[in-house]
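Please look through the sequence and the model below before reading on. The paragraphs that follow go from a single pair of residues outward to the sheets, the helices and the cores.

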Amino acid sequence: MRPPMKPLADALADLLAQATPLAGTDTVDTFDADGRVLRAAAVSPLQVPPQDNSAMDGYAVRCADVAAAGAVLPVSQRIPAGSLGTPLAAGTAARIFTGAPLPEGADAIVMQEDCEALDEGRSVRVNAVPAAHQWIRRAGEDIALGAQVLAAGTRLTPAALGLAASIGLGRLDVARRPRVALFSTGDELAMPGEVPPEQMKPGAIYNSNRFFLRTLLQRLGCEVTDLGIVPDRRDATIEALRSASASHDVILTSGGVSVGEEDHIKPAVEALGALHLWQIAMKPGKPFAYGQIPRAGGVAHFMGLPGNPVSSFMTFLVLVRPFLLRLQGVQDVAPKAFAATAGFDLPRADKRREFLRVRQGADGRLELFSHQGSGVLTSTAWGDGVVDNPPETPIARGDTVRFIPFAELMS
């Protein structure tokens, strides 16, 4: 009797319970921190903007001096960005530019479109009555002194790096990159570029998994050691695992996690450590393995993905991705999902939680790829996301479904 399949939510919870954040901190140039995970909170040593400044090119005035449209004022000074003006005398205006500090005494900016320069710029006619404080950016309105700008565990984006730079942080303390060993098992595998299509042996296939897994690992900030294809022999598998566990935090494989005579992953990992072989209630991607191999100072995590390309792809995105993010200190590892409208019918729902490859059509509705098989990698390149469909839940055209973009899962 087969054991019951493990619900995906339970499998993910069990997996994340093992993902203790890695020890060690790297200090990197802010220019080089994209995609890294902040180790300590970034706290602002200053306020942004540092002083009141102009939000427009125009003229700084005292509202009391412009009681009616058409008032003419002498221009007493010119203040470009990066310069500090002198106090604004009553009855005068200051020519000012975006970002320039507001001169003491001014209480409004009138944009240049509402003004007319006279006498070669020595005076100005103000054609609109200003409201107090208009077009003035207040000191500290963006960031207050001592404010936490970025929390520990933040995965840094271009916008976050710009924010860090805006408070003067030229270097950042970030989590150490996970060291990941990647290999495939299967004597049927061949490498593109090494064996031309016309010379492929009967039953041979190209190792597509190696290409997308390595790229996904690199996008997650991992240091990847690509160990290639390991022969379908137990001794070779044990030696590959032994060697990889000594210097890596995670060992990731694809293929060989079933129970056939040529699937050596299970006994090989058990010979060195412990392994849990799960049948997960997800489609595609039912077989999944997690284990640990002891090493000096801790353990190397082992994660075994199924060999079918789409199964391998989806189990990585749903299970391995959050695990690797948690190793780097990210707490919120769930991808953002959005409500979307189905433009298709799915009258027969699977008993497993299913990840349907879809893309958004011109009308905004989701289109379903015609063939959802676990070996049809075309569906992942054609689609721009998946519908996360609960077990035994048919879908009718017009239904609201849970859509997860690939942009959320592959970054």
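Which residue in β21 is the bridge partner of Pro294? In this predicted model, the bridge partner is Val299. The two strands involved, β20 and β21, pair in the antiparallel sense over seven bridges, and they form a hairpin with two residues between them, where Gly297 in the turn has a positive phi of about 85°. On another side of the pairing pattern, β21 runs parallel to β17, to which five bridges join it, and within that pairing Val250 has His301 in β21 as its bridge partner. Because six of the eight residues of β21 are buried, this strand is largely enclosed by the rest of the structure.

These strands belong to an open sheet of six, whose order is β16-β13-β17-β21-β20-β18 and whose pairing is mixed. The edges are taken by β16, residues 223–230, and β18, residues 274–279; each has a single partner strand, so one side of each is left without a neighbour in the sheet. Direction ignored, neighbouring strands here are turned by 15° against each other on average. The partner of the edge strand β18 is β20, residues 287–295, and the two pair in the antiparallel sense over six bridges, with Trp278 standing opposite Phe288 in β20. Packed on this sheet is helix α1, residues 8–16, which touches β18, β20 and β21 and whose direction makes about 160° with that of β18.

The segment before α1 holds Pro3, which counts as exposed because its relative accessibility is 61%. Although Pro3 and Trp278 are 275 residues apart in sequence, their C-alpha atoms are 9.5 Å apart in space.

A second helix to consider is α3, residues 208–219, which lies across β13, β16, β17 and β21 and runs at about 165° to β16. With twelve residues, α3 reaches 17 Å from its first C-alpha to its last, close to the 16 Å expected at 1.5 Å a residue. Which residues of α3 are buried? They are Asn209, Arg210, Phe212, Leu213, Leu216 and Leu217. An α-helix has 3.6 residues a turn, so residues three or four places apart point the same way. The buried residues of α3 pack against β13, β16, β17 and β21, and also against α6, residues 309–327. Just after the helix, Gly221 takes a positive phi of about 85°.

The side chains can now be followed into the interior. The largest nonpolar core has 44 residues, and those with the most contacts inside it are Leu252, Phe288, Met303, Met314, Phe316 and Leu324. Two or more residues of this core come from each of α1, β13, α3, β17, β20, β21, α6 and α8, and α6 gives the most, with twelve residues. For Phe288, leaving aside its neighbours within four places in sequence, the residues in contact include Leu15, His276, Trp278, Met303, Leu319 and Val320. Apart from this core lies another, of 18 residues, among them Phe183, Ala236, Leu275 and Phe302.

Elsewhere in the chain there is another open sheet, in which six strands follow the order β7-β4-β6-β5-β9-β8 with mixed pairing. At its edges stand β7, residues 108–111, and β8, residues 115–118, each with a single partner strand, so one side of each is left without a neighbour in the sheet. Neighbouring strands of this sheet are turned by 40° against each other on average, direction ignored. Within this sheet, β5, residues 71–79, and β9, residues 123–126, pair in the antiparallel sense over four bridges, and Ala71 stands opposite Val126 in β9.

The cysteines remain to be considered. How many disulfides does the model contain? The count comes to zero. Cys63 is in no disulfide, since the nearest cysteine sulfur, that of Cys115, is 12 Å away, while the cut-off for a disulfide is a pair of sulfur atoms within 2.5 Å. Cys63 counts as buried at 18% relative accessibility, and Cys115 is buried with a relative accessible area of 13%.

Definitions and conventions. Residues are numbered from 1 along each chain as its sequence is written. This is a predicted model: local features need pLDDT of at least 70, side-chain atom pairs count only at pLDDT 80 or more; totals for chains, interfaces and linings use all residues. Side-chain values use heavy atoms; hydrogens and water are left out. Two strands pair if DSSP finds at least two bridges between them. Axes are lines fitted to C-alpha atoms, for helices over the stretch in contact, and angles run from 0 to 180 degrees between N-to-C directions. Contact means heavy atoms within 4.5 Å. The expected span of a helix is 1.5 Å times one less than its number of residues. Buried means under 20% relative accessible area, exposed over 50%, partly exposed in between (1.4 Å probe, protein chains only). A nonpolar core is a set of buried Ala, Val, Leu, Ile, Met, Phe, Trp, Tyr and Cys residues joined through side-chain atoms within 4.5 Å.
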